Amino acid sequence: MKFWRKPLDADKIKVPHGEIHIVRDRCKGCGFCVEYCPRDVLELSSEFNVKGYHPPYVKKPEECVHCGLCEMLCPDFAIWVTEKEVDKIES
Amino acid sequence: MKDAQVVKEAPIKEDHPMEKILRMDRIPHIWCSTCGIGTALTAFATALGKTDIPLDNICVVSGIGCSGRIAGYIKLDSFHSTHGRAIPFATGLKLGNPKLKLVVFSGDGDIAGIGGNHLIHAARRNMDLVVLCINNFIYAMTGGQAAATTPLTANTSTSPYGCYEQPFNLPHLAASCGAVYVARWTCLHVRRLAKSINEALNKKGFSFIEIIAPCSTIYARRNRLGDGLSLMKFYHDNSIIKHGADTRELDISYQKKIIVGKFVDIERPTFLDSMNEWYRKQFGEKYIEYGGPSD
Amino acid sequence: MKANSKNVLTGSHYLDGDHACAEGALAAGCNFVAGYPITPSTEVVERISERFPFVGGIFIQMEDELASMASLSGAAYAGAKAMTVTSGPGFSLMMENIGLAAMLEAPCVIINVQRGGPSTGLPTLPGQADMMQVRWGSHGDYEIIALSPNSPQECFEFTIKAFNLAEKYRVPTFVMTDECVGHMTEKVVIPPADQIELEPRRYTKLPPEEYLPFKPEKDLVPDMVRAGKGYRIHVTGLTHDEKGYPVMHWQTQEKLVRRLVEKIRLNSDKIIEFEEEQIDDAEVVLLSYGISSRVAIPAIQKARKEGIKVGVLRLIVVWPFPEKKVFELAKKVKAFVVPEMNYGQMVLEVERAAKGQAEVFLVPHGGGWVHDPEDIYKVIKEAVK
């Protein structure tokens with residue numbers, strides 16, 4: 001993210017990042033995760049899983065901020081996020 | 001579409017954080033794609049992860065229906081009872097062992113339709129239960145019959161020309177019967193729902209949370225509303241959060257605004273507390289309180 | 001294990017049948033009663049609600065009989081000894097959840113103080129017309145145990161027996177009294193607690209990883225576990241496998257239903273109990289149960305005075321029915337006389353068990369009053385010809 005000046009609380013702000021895990025064969029292609037990801041990190045792939053649905057794939061892995069909404073919305077327990085490294089804001 | 005093919009994936013090294021609370025030998029579950037019940041279950045699992053109550057003491061009782069299948073997937077002491085009788089079954093469990101924390105997790109037809117009588121009496125008595133009522137406005141499991149909560153004009157298999165009966169306003173019903181915690185959330189408000197369930201778990205008395213869930217294969221398809229995702233988008237655009245709203249205004253009309261939030265959060269003595277206090281006051285030492293099973 | 005002396009009202013009392021049932025439940029260690037008032041069974045729950053606060057039990061008057069019966073299965077799984085009390089119309093309401101208790105193998109006791117039926121019938125007058133309903137009332141294949149007392153003393157004893165049988169076989173057990181016995185006041189002698197034997201609930205000794213909720217032991221009854229112990233069981237009314245998970249296959253259905261039925265049928269020799277009198281040289285056997293067995297006594301005495309060799313077979317455990325005994329007797333005697341306060345219910349079992357080797361005469365009665373012993377005597381005379 002680009003800033004026009006360094007924010008005054010830059011030392012305290014840490015932007016978390018998450019690593020997304022998808023169990024493709026559990027997914028039922030509902031699209032909740034894709035629709036409600038606040039960073040548009042996910043997109044439905046064109047590939048089929050074993051059930052015949054299109055599971056999501058991580059389109060922009062570096063944009064994920066570990067909000068966990070995909071994990072909480074998924075009705076099939078097919079996607080979850082674990083913590084990756086944390087960004088610090090540098091000027 | 002480009003060359004679409006089935007792709008094998010590398011084994012996942014970590015488990016889904018909710019797997020500890022699920023009966024993984026029965027996953028994948030039976031619910032349809034875009035069904036909201038799975039999301040209600042994840043909210044419940046999240047709330048369980050944050051509660052201080054030992055999980056061995058929490059029991060889940062379900063009735064019959066799509067929502068009633070929830071008990072089969074939760075890795076707690078879970079009971080799948082008869083249609084409408086989840087609340088008295090849970091009452092028996094609770095009174096048989098007062099240390100247990102009971103969660104009744106069932107559908108709108110089960111709890112408010114056939115089980116309506118038990119709902120109002122358990123609320124009146126302030127039985128220490130948490131009732132999570134998944135409202136998809138229809139009897140989905142059996143093919144889509146009209147429920148007590150089906151909105152006016154909706155199409156169901158027993159009202160194929162549109163429903164002409166007024167539906168229940170469930171939060172109003174629960175609150176007027178004396179529930180101490182009444183809330184309504186949709187499946188989209190996952191975080192708030194999980195927080196609400198957590199509050200209800202930590203509260204003593206009869207808590208009632210209505211969870212509005214999309215039903216894709218039956219309700220949405222019959223009413224030409226798309227699928228569960230379209231219904232979730234509808235909740236996104238049409239739900240209004242109004243904590244403390246008067247429960248009389250919470251009626252749901254067909255595809256109109258839905259008011260969600262926490263409406264009632266009061267304190268009242270529970271059934272067991274009232275009973276024990278009453279007898280203790282009258283008989284003092286002579287009253288022997290039932291402490292639960294002896295082993 | 002012995003009864004708890006704090007619960008037992010030892011001594012000689014003048015009680016009516018309903019009150020004696022309540023005392024029997026207390027002596028058996030019952031600590032959860034969910035009931036709904038219905039004449040003529042109300043006195044049982046009235047006494048329970050008076051006594052429970054001083055023995056450490058919970059009584060709740062539920063909103064209807066359906067809730068009462070449903071809560072029994074829950075209470076059984078919570079570790080309580082549960083009972084409910086009803087009469088004809090309430091009994092019909094309980095049927096679905098009796099099936100649930102049979103499917104979940106929840107030990108519980110149901111007291112049915114029978115009254116005149118059908119429908120609202122005669123609320124304050126006796127009947128014995130629920131005898132087939134207790135066996136076949138709920139849908140599907142299952143077996144239950146039913147006892148039939150004929151005096152307040154037996155009401156006390158048989159309620160304890162019912163609790164013991166329920167715990168032993170993990171089956172809903174019924175005490176089929178009637179308004180006459182229920183409202184009859186007689187001397188009831190309650191022994192000291194250390195003379196009352198109770199059957200303890202058989203809890204598993206296996207750890208949670210090895211325990212299977214519906215895996216039967218040698219007697220076809222699985223060991224139980226109660227909620228809250230960390231076993232994380234799942235029980236369902238759907239057809240289930242040994243782990244308790246629902247399985248929608250006919251093979252699982254066959255295995256489960258066969259076991260539910262054989263659990264009682266193959267153990268029936270240990271369960272069946274009856275009383276016989278002057279059977280050895282009898283020409284006619286009077287087979288009865290409940291209040292009708294007492295009403296028949298003057299008829300039998302009159303017949304014997306005239307030299308008719310009348311034996312008596314009184315059923316204590318009505319279901320499972322003592323088929324083998326009746327079959328053996330049928331080979332030796334001319335006829336059975338079955339007085340009952342209905343238009344032919346247990347007599348059908350007698351006919352079935354006799355297999356045509358002896359004649360079977362019914363002395364029916366619509367209910368509302370007891371038989372006239374003259375009518376029974378006339379049929380005995382008829383039978384001996």
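Student: In this predicted model, how many residues does the contact between chain B and chain A take from each chain?

Tutor: Two residues count as being in contact when their C-beta atoms, placed from the backbone, lie within 7 Å. On that criterion, the contact takes residues from both partners, with 24 from chain A and 31 from chain B.

Student: Which helix supplies the largest share of the side of chain B that touches chain A?

Tutor: Helix H1 (37-50), helix H6 (190-202) and helix H8 (228-238) of chain B each supply at least two residues of that side. By class, the side has 17 nonpolar, 10 polar and 4 charged residues. The largest share, 6 residues, comes from H1(B).

Student: Turning to the contact between chain C and chain B, which element gives the most to the side of chain C?

Tutor: This contact takes 43 residues from chain C and 39 residues from chain B. Elements giving two or more residues to the chain C side include helix H2 (42-55), helix H3 (65-78), helix H4 (88-104) and strand E10 (234-236) of chain C. With 10 residues, the one that gives the most is H3(C).

Student: How many nonpolar, polar and charged residues does the side of chain C that touches chain B have?

Tutor: The contact draws 43 residues from chain C, and these can be sorted by class. The side of chain C that touches chain B has 5 charged, 13 polar and 25 nonpolar residues.

Student: Which residue of E10(C) stands opposite His80(B)?

Tutor: Strand E2 (residues 77-80) of chain B is joined to E10(C) by 3 bridges, and the two strands run parallel. Within E10(C), the residue opposite His80(B) is Thr236(C).

Definitions and conventions
Residues are numbered from 1 along each chain as its sequence is written. Chains are lettered from A and ligands numbered from 1 in the order in which they are written. This is a predicted model: local features need pLDDT of at least 70, side-chain atom pairs count only at pLDDT 80 or more; totals for chains, interfaces and linings use all residues. Helices (H or I, at least four residues) and strands (E, at least two) are DSSP runs, numbered from the N terminus. Ala, Val, Leu, Ile, Met, Phe, Trp, Tyr, Cys and Pro count as nonpolar, Asp, Glu, Lys and Arg as charged, and the others, Gly among them, as polar. Two strands pair if DSSP finds at least two bridges between them.
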